[in-house]
Amino acid sequence: MTDQQLVEALKAGEESAFRVLVETRQGLVYNTVLGLVQNAEDAEDVSQEVFIKVFESVRQFKGESAFTTWLYRVAVTSALEFLRKKKRKKRFAFLTSLFGEDQSPLHDPPDFVHPGVQLDNREKAKVLFQAIQKLPENQRIAFTLHKVEGLSYQEVADVMPTTVAAVESLIHRARQNLKKILQDYYKQEI
Amino acid sequence: MPKKRLTDQQVEEILDSLSGMEKAEPRPFFYTRLQARMANEADNSAWGRTISLISRPAVAFSVVVLFLLMNGYFLFNKFGQQPSPAEETYQALAVEYSEMNSPFYEVNQETP
């Protein structure tokens, strides 16, 4: 089934099409979201939200971009919305003590390691993911899509949406900032 | 004591630690859990919307203010209120009854 056929079937409200969509794209959505939210349970929740949003708003998809690009955009937007909501909750954490209304801990365990990282690189990747969290939003998105999801500069540019030159610049600045953050991190560790 | 700095090579190694990584997949039966959530949200949507509306601070505050205003209105109206027609009837009957039991009737009674 091509993307166009899938979109048409989704617009017609076919449940089987929705199943195909989820089963073929769940890895794409989950991996993207996980790279940004850096927590497996949150990534599962946000990924579900992404598919619900797609199901509800697929009629608004005009086909101006590739369907996969649109799906990436929904995933990135949902992950960022989730992070903003989480940040707001943390600001009011002094009122609600350590636990939120739903009794879930507001403070993430600091040692997130992406499950796809090779065993030899786990310790280094742990430090890198902490540093990525401190990047400005656009740099974080570009770097994560390129490094974690493995998208090319052109694909990142389509998702963001911006130019390839802008993506190159964002990733270059992200690397420079990460170097500074890592140096500071190791100074504090000594 | 001079602080130790990472060498450029060490920084590059950390930056390259994501190379060759595999993509993560959600836990098995993702679609089943998604379907359950969608069904659950559809069931709770009406109640959920009502509860979220009521629990909004602006709505809750407005309801409390309205309740207090209504209380105040009824309380102040109670003091300035005229007696109701039913109460007037009762009062008239009470006056009439007390007049009938007055000593005036006893004085003018004929004795057999």
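Colleague: What counts as a helix in the pattern of chain A?

Modeller: A helix is a DSSP run of H or I with at least four residues, and elements are numbered from the N terminus. By that rule chain A of this predicted model reads α-α-α-α-α-α-α-α-α along its sequence, with nine helices and zero strands.

Colleague: Why are α2(A) and α3(A) called oblique to each other?

Modeller: Their axes cross at roughly 135° and come within 8 Å. An angle over 145 degrees would be roughly antiparallel, and one of 65 to 115 roughly perpendicular. The value for α2(A) and α3(A) belongs to neither class, and the pair is therefore oblique. The crossing of α2(A) past α3(A) is right-handed.

Colleague: Which residues make this contact, and what classes do they belong to?

Modeller: From α2(A) they include Phe18(A), Val22(A), Tyr30(A) and Val37(A). Those from α3(A) include Ala40(A), Asp42(A), Val46(A) and Phe55(A). By class, the contact of α2(A) with α3(A) has 13 nonpolar, two polar and one charged residues.

Colleague: Why is Gln38(A) called buried?

Modeller: The cut-off is 20 or more other C-beta atoms within 10 Å. Gln38(A) has 22 such neighbours, so it counts as buried. Gln38(A) is found in the loop between α2 and α3 of chain A, and its phi is near 55°, a positive value in a residue other than glycine.

Colleague: Why, then, is Phe29(B) called exposed?

Modeller: Exposed requires 12 or fewer other C-beta atoms within 10 Å. Phe29(B) has 10, and therefore counts as exposed. Phe29(B) lies in the loop between α1 (8-15) and α2 (30-54) of chain B; its phi, near 65°, is also positive.

Colleague: What makes such phi values worth noting?

Modeller: Most residues other than glycine have a negative phi. Most peptide bonds, likewise, are trans. In chain A, however, a cis peptide bond joins Met160(A) and Pro161(A), with omega about -25°. Pro161(A) lies in the loop between α8 (153-159) and α9 of chain A.

Colleague: How do you know that chain A touches chain B?

Modeller: Two residues are in contact if their C-beta atoms lie within 7 Å. On that criterion, 33 residues of chain A are in contact with 22 residues of chain B. The elements giving two or more residues to this side of chain A are α2 (15-37), α3 (40-57), α6 (122-133) and α9 (164-189). Of these, α2(A) gives the most, with eight residues. By class, the side of chain A that touches chain B has 15 nonpolar, 10 polar and eight charged residues.

Definitions and conventions. Residues are numbered from 1 along each chain as its sequence is written. Chains are lettered from A and ligands numbered from 1 in the order in which they are written. This is a predicted model: local features need pLDDT of at least 70, side-chain atom pairs count only at pLDDT 80 or more; totals for chains, interfaces and linings use all residues. Ala, Val, Leu, Ile, Met, Phe, Trp, Tyr, Cys and Pro count as nonpolar, Asp, Glu, Lys and Arg as charged, and the others, Gly among them, as polar. Axes are lines fitted to C-alpha atoms, for helices over the stretch in contact, and angles run from 0 to 180 degrees between N-to-C directions. Angles under 35 degrees count as roughly parallel, over 145 as roughly antiparallel, 65 to 115 as roughly perpendicular and the rest as oblique. A crossing is left-handed if the near helix is turned anticlockwise from the far one by less than a right angle, and right-handed if clockwise.
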